[in-house]
Each structure stands twice: as structure tokens, then as C-alpha cells.
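Let's take a walk through a protein together, one piece at a time. Keep the picture in view and turn it around as you read.

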Amino acid sequence: TLDGDLTPGQASKLTLKVSKDGEPVTDLQPYLGAYGHLVVLRVRDLAYLHVHPDGAPGDGKTQAGPEIVFYAEVPSGGDYRLFLDFQHEGEVRTADFTLGAGQGPATPATPAATSTATSGGHGH
């Protein structure tokens with residue numbers, strides 16, 4: 001699930017919560033050095049943001065789920081597609097959402113928006 005709103009021109013807190021079969025996931029695995037990566041695309045022209053989470057695995061304060069916190073700054077109003085990549089039980093998964101900047105709460109793209117990806121490793 002996603003909690004938070006996008007406000008154009010300022011850092012917006014987005015909290016993504018990972019669950020499996022209705023239960024919180026508390027054993028996320030680092031993927032490319034973080035518990036999650038967020039890609040944000042503006043729908044009208046595909047302007048692109050790659051956002052790293054607040055905190056890092058092994059820093060003594062960041063938990064391995066269920067919440068992953070991001071601060072994203074979008075340049076303008078409009079609809080945005082958000083894609084969260086995370087790793088659990090050795091598989092990289094992607095969850096997707098649609099969120100309007102300054103237009104209200106997030107909506108999941110599909111009820112079970114996950115897919116398996118391969119871990120190529122681009123070093124961050």
C-alpha cells in the first residue's frame with residue numbers, strides 16, 4: 001500500500017507498506033543496496049524520477065519492512081505512475097500505483113501488482 005500525497009515543487013513523504021497474504025513483511029532483503037527503489041513517471045510526458053528510500057540496510061535504525069519511506073519531489077501537477085522494486089524471499093518484485101500530484105490519495109494500479117524481475121545490479 002502507499003500512504004502520502006505528491007505536492008509539486010516540494011519533497012513529499014511517501015510511505016510504502018509491503019504485505020504478503022495480508023500479513024506485514026518484516027524481512028525485506030537489500031536490493032541494489034536498499035530495501036526499495038521507487039521510479040516515478042509523469043503520465044503526460046514520461047518525466048522520470050528514481051528515488052532512494054530514507055535510511056539504509058545495516059544503519060542501525062532502518063527496519064527491514066514492512067514500511068519503506070521515500071521523499072519524492074515532482075516538478076509539476078498531474079498524474080504520476082509509481083513503481084516500487086523490492087526483494088523478498090530471494091525474488092525482486094514490483095508494485096505499481098497511480099497518484100495525482102496534489103489531487104488526493106493513491107490508488108493501486110491492480111489488486112496484485114507484482115512481477116518478478118531479475119537482479120542485474122547497477123551498483124546503487
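Two strands count as paired if DSSP finds at least two bridges between them. Keep that rule in mind, and remember too that you're looking at a predicted model. With the rule in hand, take strand β2, which covers residues 12-17: six bridges tie β2 to β7, and the two run antiparallel. For one example of such a bridge, find Ser-12, whose partner in β7 is Ala-72.

Now zoom out a bit. β2 and β7 belong to an open sheet of three strands, ordered β1-β2-β7, with antiparallel pairing. The edges are taken by β1 (2-3) and β7 (67-72), and each of these has a single partner strand, so one side of each is left without a neighbour in the sheet.

What about the whole protein? How many helices and how many strands does the protein have? The count is zero helices and eleven strands. If you read from the N terminus on, the elements simply go β-β-β-β-β-β-β-β-β-β-β. The protein has 124 residues, and 39% of them count as buried. Here's something else to look for: take the contacts between residues at least 6 apart in sequence, and you'll find that 59% of them join residues at least 24 apart. 

Next stop, strand β5, residues 37-42. Five of the six residues in β5 are buried, so this strand is largely enclosed by the rest of the structure. Which strands does β5 pair with? One is β8, joined to β5 by six bridges and running antiparallel to it. Here you can spot Arg-42 standing opposite Tyr-80 in β8. Another is strand β6 (residues 48-51), which pairs with β5 in the antiparallel sense over four bridges. On that side, Leu-38 has Val-51 in β6 as its bridge partner. β5 and β6 form a hairpin with five residues between the strands, and in this hairpin Leu-46 takes a positive phi near 65°.

Let's stay with Tyr-80 for a moment, since we just met it across from Arg-42. Tyr-80 sits in strand β8. Is Tyr-80 buried or exposed? Buried means under 20% relative accessible area, and Tyr-80 has 2% relative accessibility, so it counts as buried. Leaving out residues up to four places away in sequence, Tyr-80 touches a whole list of others, including Leu-6, Val-40, Val-74, Pro-75 and Leu-99. Phe-97 is also one of the residues that Tyr-80 touches. Those two are 17 residues apart in sequence, and their C-alpha atoms are 8.3 Å apart in space. The side chain of Tyr-80 also reaches the backbone oxygen of Ser-76, at 2.7 Å.

From β8 we can step across to its other neighbour in this tour, strand β9 (residues 91-101). Eleven bridges join β8 to β9, and the two run antiparallel. Eight of the eleven residues of β9 are buried, so β9 is largely enclosed by the rest of the structure. Look for Arg-81, which stands opposite Thr-98 in β9. The side chain of Arg-81 makes a polar contact with the side chain of Asp-96, at 2.9 Å. Asp-96 is found in β9, and with a relative accessible area of 15% it is buried.

β8 and β9 form a hairpin with two residues between the strands, and there Glu-89 takes a positive phi near 50°. Just before that turn comes His-88, in strand β8 (residues 78-88). His-88 is buried too, with a relative accessible area of 9%. Which side chain does the side chain of His-88 make a polar contact with? The partner is Asp-27, at 2.7 Å. Setting aside neighbours within four places in sequence, the contacts of His-88 are Lys-20, Val-25, Asp-27, Leu-28 and Gln-29.

Last, let's look at some empty space. Rolling a probe the size of a water molecule over the atoms shows where empty space is left. The second largest pocket has a volume of about 170 Å³. Its lining includes Tyr-35, Pro-53, Asp-54, Lys-61, Gln-63, Glu-67 and Val-69. Sorted by class, that lining has five nonpolar, four polar and three charged residues.

Note on methods: Residues numbered from 1 in each chain as written. Predicted model: local features only at pLDDT ≥ 70, side-chain atom pairs only at ≥ 80, totals over all residues. Heavy atoms only, no water. 1 Å grid on protein atoms, 1.4 Å probe; cavity = no way out; pocket = protein on both sides within 12 Å on 5 of 7 lines; lining within 4 Å. Points joined across faces, edges and corners; volume = space filled by probe spheres on them. Nonpolar A, V, L, I, M, F, W, Y, C, P; charged D, E, K, R; others polar. Buried < 20%, exposed > 50% of the residue type's maximum accessible area, 1.4 Å probe, protein only. Polar contact = N/O pair within 3.5 Å; in protein donor to acceptor, adjacent residues only side chain to side chain. Contact = heavy atoms within 4.5 Å.
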